[in-house]
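This report describes how two helices pack against each other and which residues line the pockets of a predicted model. The sequence and structure are shown first.

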Amino acid sequence: DNFAGFLPMKRETSAEEISPCHNDQRNAPHQSLFPNEEEIKARMKEDLMRKEYDVSVYYKMEGSAQFIARHSLFEKATLAVITFNALWISIDTDSNKAATLLDARPIFQIAEQGFCIYFAF
């Protein structure tokens, strides 16, 4: 009784409201599961015509830094370092019990400094 003002009033529900057969959309026009065929073709054509994003279009055309950044070996090496870094994080998390890098064993310090130098490059 103390919560009567806060709780919604309970009302009777009719069988028509509960029945799954009661459907006001029985006479609604049929809608296709898939979009219009012409719309799909237009989207595909637009997607095929769109240029692929390439960050190297913003690089300078001269100099050693742009040469290194555009080189496929640099891209592959970077992906390898990222993969090794992800693996190293799991090894570091499981094996390094030091609270700070200065207190860690030398292998952990060397690895962290190596990743830092590579990613700062």
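**Packing of α4 and α5**

Helix α4 (residues 72-95) and helix α5 (residues 106-120) have axes that come within 11 Å and cross at roughly 150°. That angle makes α4 roughly antiparallel to α5, because angles over 145 degrees are counted as such. The crossing of α4 and α5 is left-handed.

On the α4 side, the contact is formed by Phe74, Ala77, Thr78, Val81, Ile82, Phe84, Asn85, Trp88, Ile91, Asp92 and Ser95. Their partners in α5 are Ile107, Phe108, Ala111, Glu112, Phe115, Tyr118 and Phe119. By residue class, the contact of α4 with α5 comprises 13 nonpolar, 3 polar and 2 charged residues.

**The two largest pockets**

The volumes of the pockets and the classes of their lining residues are set out below.

| Pocket | Volume | Lining residues by class |
|---|---|---|
| Largest | about 220 Å³ | 4 nonpolar, 3 polar, 3 charged |
| Second largest | about 160 Å³ | 8 nonpolar, 2 polar, no charged |

Which residues line the largest pocket? They are Asp54, Val55, Ser56, Tyr59, Ala69, Arg70, His71, Phe74, Glu75 and Thr78. Helices α3 (64-70) and α4 each supply at least two residues of this lining. The largest share, 3 residues, comes from α4.

The second largest pocket is lined by Tyr59, Ala65, Gln66, Ile68, Ala69, Phe74, Thr78, Tyr118, Phe119 and Phe121. Here α3, α4 and α5 each provide at least two lining residues, and α3 gives the most, with 4 residues. No charged residue belongs to the lining of the second largest pocket, whereas the lining of the largest pocket includes 3.

**Residues with several roles**

Tyr59, Ala69, Phe74 and Thr78 occur in the lining of the largest pocket and also in that of the second largest pocket. Among them, Phe74 and Thr78 in α4 also take part in the contact with α5. From the α5 side of that contact, Tyr118 and Phe119 likewise line the second largest pocket.

Terms used
Residues numbered from 1 in each chain as written. Predicted model: local features only at pLDDT ≥ 70, side-chain atom pairs only at ≥ 80, totals over all residues. Heavy atoms only, no water. Axes fitted to C-alpha atoms, helices over the stretch in contact; angles between N-to-C directions. Parallel < 35°, antiparallel > 145°, perpendicular 65-115°, else oblique. Left-handed = near helix turned anticlockwise from the far one by under 90°. Contact = heavy atoms within 4.5 Å. Nonpolar A, V, L, I, M, F, W, Y, C, P; charged D, E, K, R; others polar. 1 Å grid on protein atoms, 1.4 Å probe; cavity = no way out; pocket = protein on both sides within 12 Å on 5 of 7 lines; lining within 4 Å. Points joined across faces, edges and corners; volume = space filled by probe spheres on them.
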